[in-house]
Each structure stands twice: as C-alpha cells, then as structure tokens.
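Trainee: Could we go through this one together? I'd like to know where the labels come from.
Mentor: Sure, let's have a look.

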Amino acid sequence: MASVQRAATYVEKGGVGKTTSAAHIAVAAHNMGHEVLLVDLAGTQNDLATHFGLSIVEDDDADGVTIDAPISAVFGDDWAFLRDNIDDLLDRMTFPTDEGPDLIPADLGLGGADNN
C-alpha cells in the first residue's frame, strides 16, 4: 500500500518563494513517479494557477477555466452537505496541469475564510 506524503509552505512574509518552491517540488515529485495534488489556500491571488498556465475566470464565456466547486467551500457551513451529496466534488475542484501535478486552485471565497 502506498503511503500519503504531505508538505506545506508557510511564511507570513510575501515574496520569499513559497509558491515557486511548492510548484517546483510538486513537478519534481511528479517526475519521480508520484501522484501529486497541489491545494492553493494562499488567499485569492491564484499564483499557483498562474504558475501552471491556468487562467481562472468567473464568466463561462471567457477563455480559461471556471471554478464551480471552490476550495473555500471546505471551510463553509455547507461542506458536510456538499461532500455527502455531490459524488464528483473533488474531481470538480481539481484541474490537471500540463506539467503533471493536479491543482485545486484558490478562489475568491478564501478571502472570507482567511478572516475566520
């Protein structure tokens, strides 16, 4: 049975390379044969999505991907209902990248979650 490994980057100061480091480590792990899922909880900037060339848009008619199952829902009052009633919820949150790792991008709802 394969083990699950987890890693997180956190430093209060901005601009120190957290996002870039996480992206490069994830790609390296993927290239070594690991299944990798990145979860961006860094506010609403969506730098990981940008790093991997994913354009997150709010309008279905715009070029890019829309988030219909945001990661911020995990922190909301309705999470248990969503988890129990939407079979493909994790799949709807997750986007493949061209470099290998899958990504659950940040969304605007994290701005409120950050304050809680």
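**Pockets and strands**

Mentor: This is a predicted model, and its largest pocket has a volume of about 1,500 Å³.

Trainee: How do you know which residues line the largest pocket?

Mentor: A lining residue has an atom within 4 Å of a pocket point. In the largest pocket 36 residues make up the lining, with Ala7, Ala8, Leu37, Leu38 and Val39 nearest the centre.

Trainee: What makes Ala7 and Leu37 count as nonpolar?

Mentor: Ala and Leu are both on the nonpolar list, so Ala7 and Leu37 go in that class. The whole lining splits into 17 nonpolar, eleven polar and eight charged residues.

Trainee: Which element gives the largest share of that lining?

Mentor: That's α1, with seven residues. Helix α1 (18-31), β1 (37-39) and α2 (47-51) each supply at least two.

Trainee: Why do we say that β1 and β3 pair?

Mentor: Pairing takes at least two bridges. Three bridges join β1 to β3 (residues 102-104), so the two strands pair, and they run parallel. For instance, valine 39 has isoleucine 104 in β3 as its bridge partner.

Trainee: What makes β1 and β2 the edge strands?

Mentor: The open sheet has three strands in the order β1-β3-β2, with mixed pairing. Both β1 and β2 (95-96) pair on one side only, so they are the edges.

Trainee: And what holds paired strands together in general?

Mentor: Strands of a sheet pair through backbone hydrogen bonds, in either a parallel or an antiparallel way.

Methods: Residues numbered from 1 in each chain as written. Predicted model: local features only at pLDDT ≥ 70, side-chain atom pairs only at ≥ 80, totals over all residues. Heavy atoms only, no water. 1 Å grid on protein atoms, 1.4 Å probe; cavity = no way out; pocket = protein on both sides within 12 Å on 5 of 7 lines; lining within 4 Å. Points joined across faces, edges and corners; volume = space filled by probe spheres on them. Helix = DSSP H or I, 4+ residues; strand = E, 2+ residues; numbered from the N terminus.
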